[in-house]
Amino acid sequence: MSQGASEVPLSALRLKYCERKDAFLEDNIKVKNPFCVFRDWLELALKTPEILEPNAAALATVSAEGRPSNRYVLVKEATAEGFTFFTNYGSRKAEDIKSNPNVAISFYWLPLRRSVRIEGVAEKISADDSLKYFHQRPRASQIGAAASPQSQRIPSRSYLDDVEAAIKLELGPDGEVPLPNWGGYLVRPDLIEFWQGQTDRLHDRIRFRRGGGVESEVDGKLVHKGEDGWVYERLAP
């Protein structure tokens, strides 16, 4: 493709990242547990006004046929158990998870020049917990979830408007919205990687892993013992 006068040459884009003095070092990690590091990084993201949705993350799944898919979700809980998001259980992501529960999640906080990569296994949370969260949502969001057959073909935008109107008419102004085929997934991670961009492109990458006998790999040079069954290591950028 020829480059027109108004086209931006993507190869020339250069964003300034962190300087060497601000490198992310192992000594910066007071508690060698990735959930503690994530909590600290998330806290800073929450306090950064330029980051409008610090809980937005890209979720990657793989279908039964081995076809990958990626989309953004809002992570609604991050605990020592893992990371929780909600969706329609008939959606493409839900169908993928049903056949292959191995997923990946990526946060990217541009103003901080930081990213977190997570790999793990997704499992449905309890119906009671899904119902509890569903009714914490704004009523309009509840009705929207009930009206949308997520990822399914529909004839038009007006179709959704008509279904939404019918639900509102049926429930009235105060009727409780019944839980549709919708709920949460908990992603239990076995890998969490922290990335911080450096202007010289020698980016910082520190990866935590657990499970599968990883503690036997600890040698104090390349693989280090963390806490609660985790090990950590630095990766080349």
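**Figure 1. The largest nonpolar core of the predicted model.** In this predicted model, the largest nonpolar core is made up of 34 residues, and those with the most contacts inside it are Phe107, Trp109, Val116 and Phe194. Helix α1, which spans residues 34-46, supplies the largest share of this core, namely six residues. Apart from this core lies another one of eleven residues, which includes Ala145, Ala147, Ile167 and Leu186.

**Figure 2. The surroundings of Val116.** When neighbours within four places in sequence are left aside, Val116 is in contact with Phe38, Trp41, Ile105, Ser106, Phe107, Trp109, Ile192, Glu193 and Phe194. Among these partners, Phe107, Trp109 and Phe194 are listed, together with Val116 itself, as the residues with the most contacts inside the largest nonpolar core. Two of the partners, Phe107 and Trp109, also belong to a cluster held together by ring pairs, in which they are joined by Phe35, Phe38, Phe83 and Trp230.

**Figure 3. The stacked rings of Tyr133 and Trp182.** The structure holds 19 aromatic pairs, and one of them is shown here. The ring centres of Tyr133 and Trp182 are 6.2 Å apart and the planes meet at 5 degrees, so the pair counts as stacked, the cut-off for that class being planes under 30 degrees apart. The two residues come from distant parts of the chain, with Tyr133 in helix α3 (residues 127-134) and Trp182 in strand β7 (residues 182-196), 49 residues apart. Trp182 is buried, its relative accessible area being 8%.

**Figure 4. Charged side chains over aromatic rings.** Arg114 lies over the face of Trp41, at 4.1 Å from the ring centre. In the second view, the charged end of Lys124 is placed over the ring of Tyr89, 4.1 Å from the centre of that ring. Trp41, the ring partner of Arg114, is also among the residues in contact with Val116.

**Figure 5. The salt bridge between Glu123 and Arg188.** The count of salt bridges in the structure comes to 17, and the one shown here joins the side chains of Glu123 and Arg188, with an N to O distance of 3.1 Å. Glu123 belongs to strand β6 (residues 114-124) and Arg188 to strand β7, so the pair ties together parts that are 65 residues apart in sequence. Glu123 is partly exposed, with a relative accessible area of 32%, and Arg188 likewise counts as partly exposed, at 32% relative accessibility.

**Figure 6. Arg209 and Glu233 within a network of salt bridges.** The closest N and O atoms of the salt bridge between Arg209 and Glu233 are 2.6 Å apart. Because Arg209 lies in strand β8 (residues 204-210) and Glu233 in strand β10, this pair ties together parts that are 24 residues apart in sequence. Arg209 counts as buried at 14% relative accessibility, and Glu233 is buried as well, with a relative accessible area of 6%; the cut-off for this class is under 20%. The two residues belong to a network of salt bridges in which Arg207 and Glu217 are also linked.

**Figure 7. The salt bridge between Glu215 and Lys225.** The side chains of Glu215 and Lys225 meet in a salt bridge with an N to O distance of 2.8 Å. Glu215 is located in the loop between β8 and β9, whereas Lys225 is part of strand β9, and the two are ten residues apart. Glu215 counts as partly exposed, at 40% relative accessibility, while Lys225 is exposed, with a relative accessible area of 52%.

**Figure 8. Two loop residues with positive phi.** Most residues other than glycine have a negative phi. Ser151, although not a glycine, has a positive phi of about 75 degrees, and this residue is found in the loop between α4 (139-147) and α5 (157-171). Asp228 also has a positive phi, near 60 degrees, and is found in the loop between β9 (224-225) and β10 (230-234). At 61% relative accessibility, Asp228 counts as exposed.

**Figure 9. The annotated span of residues 51-160.** According to the unreviewed UniProt entry, residues 51-160 are covered by the annotation "domain: Pyridoxamine 5'-phosphate oxidase N-terminal". In the predicted model, the end C-alpha atoms of this span lie 31 Å apart, and the span is 26% helix and 37% strand.

Definitions and conventions: Residues are numbered from 1 along each chain as its sequence is written. This is a predicted model: local features need pLDDT of at least 70, side-chain atom pairs count only at pLDDT 80 or more; totals for chains, interfaces and linings use all residues. Side-chain values use heavy atoms; hydrogens and water are left out. UniProt positions are given in the numbering used here, feature names are shortened, and annotations may be inferred rather than shown by experiment. Helices (H or I, at least four residues) and strands (E, at least two) are DSSP runs, numbered from the N terminus. A nonpolar core is a set of buried Ala, Val, Leu, Ile, Met, Phe, Trp, Tyr and Cys residues joined through side-chain atoms within 4.5 Å. Buried means under 20% relative accessible area, exposed over 50%, partly exposed in between (1.4 Å probe, protein chains only). Contact means heavy atoms within 4.5 Å. Rings of Phe, Tyr and Trp (its six-membered ring) pair if their centres lie within 6.5 Å; planes under 30 degrees apart count as stacked, over 60 as edge-to-face and the rest as tilted. A charge sits over a ring if NZ of Lys or CZ of Arg is within 6 Å of the ring centre and within 35 degrees of the ring normal. A salt bridge is a side-chain nitrogen of Lys or Arg within 4 Å of a carboxyl oxygen of Asp or Glu.
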